[in-house]
Amino acid sequence: NARDSSWITVSLKVVDHQLHYRVANSIVPQGEKTVREASGIGLVSVRRRLELSYPGKHEIEVTEDTERYRVDLKIDLQ
């Protein structure tokens with residue numbers, strides 16, 4: 001059962017006045033599309049909000065493979 005093998009991890013820490021946030025989750029196919037492909041508009045909105053709230057003070061990296069989707073976010077707090 002795909003639901004039984006689903007997982008998510010979240011990490012949050014502050015290092016040298018910089019917030020480090022990581023969230024990773026398993027990818028469970030939903031028919032022809034993965035969950036991310038079905039709801040990709042959310043990431044566009046997050047990037048826009050980060051640019052408005054923290055212009056030049058953030059980095060976001062999204063990675064994906066066949067089993068995992070991960071977002072790494074760093075925000076300069078100074």
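Which residue in strand 2 does Lys13 stand opposite? I looked up this position first and found His20 opposite Lys13. The model I am reading is a predicted one.

**Entry 1. Confidence**

I checked the confidence before reading any detail. The mean pLDDT of the chain is 86, and 79% of the residues reach at least 70. I then compared the elements: strand 1 has the highest mean pLDDT, at 97, and helix 1, residues 35–38, has the lowest, at 52. Where pLDDT is low, predicted coordinates should not be read in detail. I therefore take no detail from helix 1, whose mean pLDDT is 52.

**Entry 2. Elements and overall figures**

I counted two helices and six strands in the chain. Read from the N terminus, the order of elements is β-β-β-β-α-α-β-β. The chain has 78 residues, and 19% of them count as buried. I noted an accessible surface of about 6100 Å², with 51% of it belonging to carbon and sulfur atoms. I also looked up the contacts between residues at least 6 apart in sequence: 44% of these join residues at least 24 apart.

**Entry 3. The sheet**

Which strands make up the open sheet, and in what order? I found four strands in the order 1-2-6-5, with antiparallel pairing. Strand 1 and strand 5 (58–64) are at the edges; each has a single partner strand, so one side of each has no neighbour in the sheet. From one strand to the next, the twist averages 10°.

I then went through the pairs in sheet order. Strand 1 pairs with strand 2 over eight bridges, in the antiparallel sense. Strand 2 and strand 6 also run antiparallel and are joined by nine bridges. Strand 5 and strand 6 are antiparallel too, with seven bridges. A hairpin of three residues links strand 5 to strand 6. In general, strands of a sheet pair through backbone hydrogen bonds.

**Entry 4. Helix 2 against the sheet**

Which strands does helix 2 lie across? Helix 2, residues 41–53, lies across strand 5 and strand 6 (68–76). I noted an angle of about 165° between helix 2 and strand 5.

**Entry 5. His20**

I returned to the residue opposite Lys13. His20 belongs to strand 2. Is His20 buried or exposed? His20 counts as buried because its relative accessibility is 19%, where the cut-off is under 20%. Setting aside neighbours within four places in sequence, I listed Ser11, Leu12, Lys13, Val15, Leu73 and Lys74 as its contacts. The side chain of His20 also makes a polar contact of 3.2 Å with the side chain of Gln18.

**Entry 6. Asp72**

I next examined Asp72, a residue of strand 6. Asp72 counts as buried, with 15% relative accessibility. Which residue stands opposite Asp72? I found Arg22 in that position. Arg22 is also among the residues that Asp72 touches, together with Tyr21, Glu59, Ile60 and Glu61, when residues up to four places away in sequence are not counted. The side chain of Asp72 has a polar contact with the side chain of Arg70, at 2.9 Å. On the strand 5 side, I recorded that Glu59 stands opposite Lys74 in strand 6.

**Entry 7. The loop between strands 1 and 2**

Last, I looked at backbone angles in the loop between strand 1 (8–15) and strand 2 (18–26), where Asp16 lies. His17 is found in the loop between strand 1 and strand 2 as well. What is the sign of phi at Asp16? Phi of Asp16 is positive, near 50°, although the residue is not glycine. His17, likewise a residue other than glycine, has a positive phi near 65°.

I then compared each residue with the accessibility cut-offs. Asp16 counts as exposed because its relative accessibility is 72%, and exposed requires over 50%. His17 has a relative accessible area of 49% and is therefore partly exposed.

Conventions:
Residues are numbered from 1 along each chain as its sequence is written. This is a predicted model: local features need pLDDT of at least 70, side-chain atom pairs count only at pLDDT 80 or more; totals for chains, interfaces and linings use all residues. Side-chain values use heavy atoms; hydrogens and water are left out. Buried means under 20% relative accessible area, exposed over 50%, partly exposed in between (1.4 Å probe, protein chains only). Contact means heavy atoms within 4.5 Å. Accessible areas come from the Shrake-Rupley method with a 1.4 Å probe; for residues, only the protein chains shown count as cover. pLDDT is the predictor's confidence in each residue, from 0 to 100. Two strands pair if DSSP finds at least two bridges between them. Axes are lines fitted to C-alpha atoms, for helices over the stretch in contact, and angles run from 0 to 180 degrees between N-to-C directions. A polar contact is a pair of N or O atoms within 3.5 Å; within protein, one must be able to donate a hydrogen and the other to accept it, and residues adjacent in sequence count only if both atoms are side-chain atoms.
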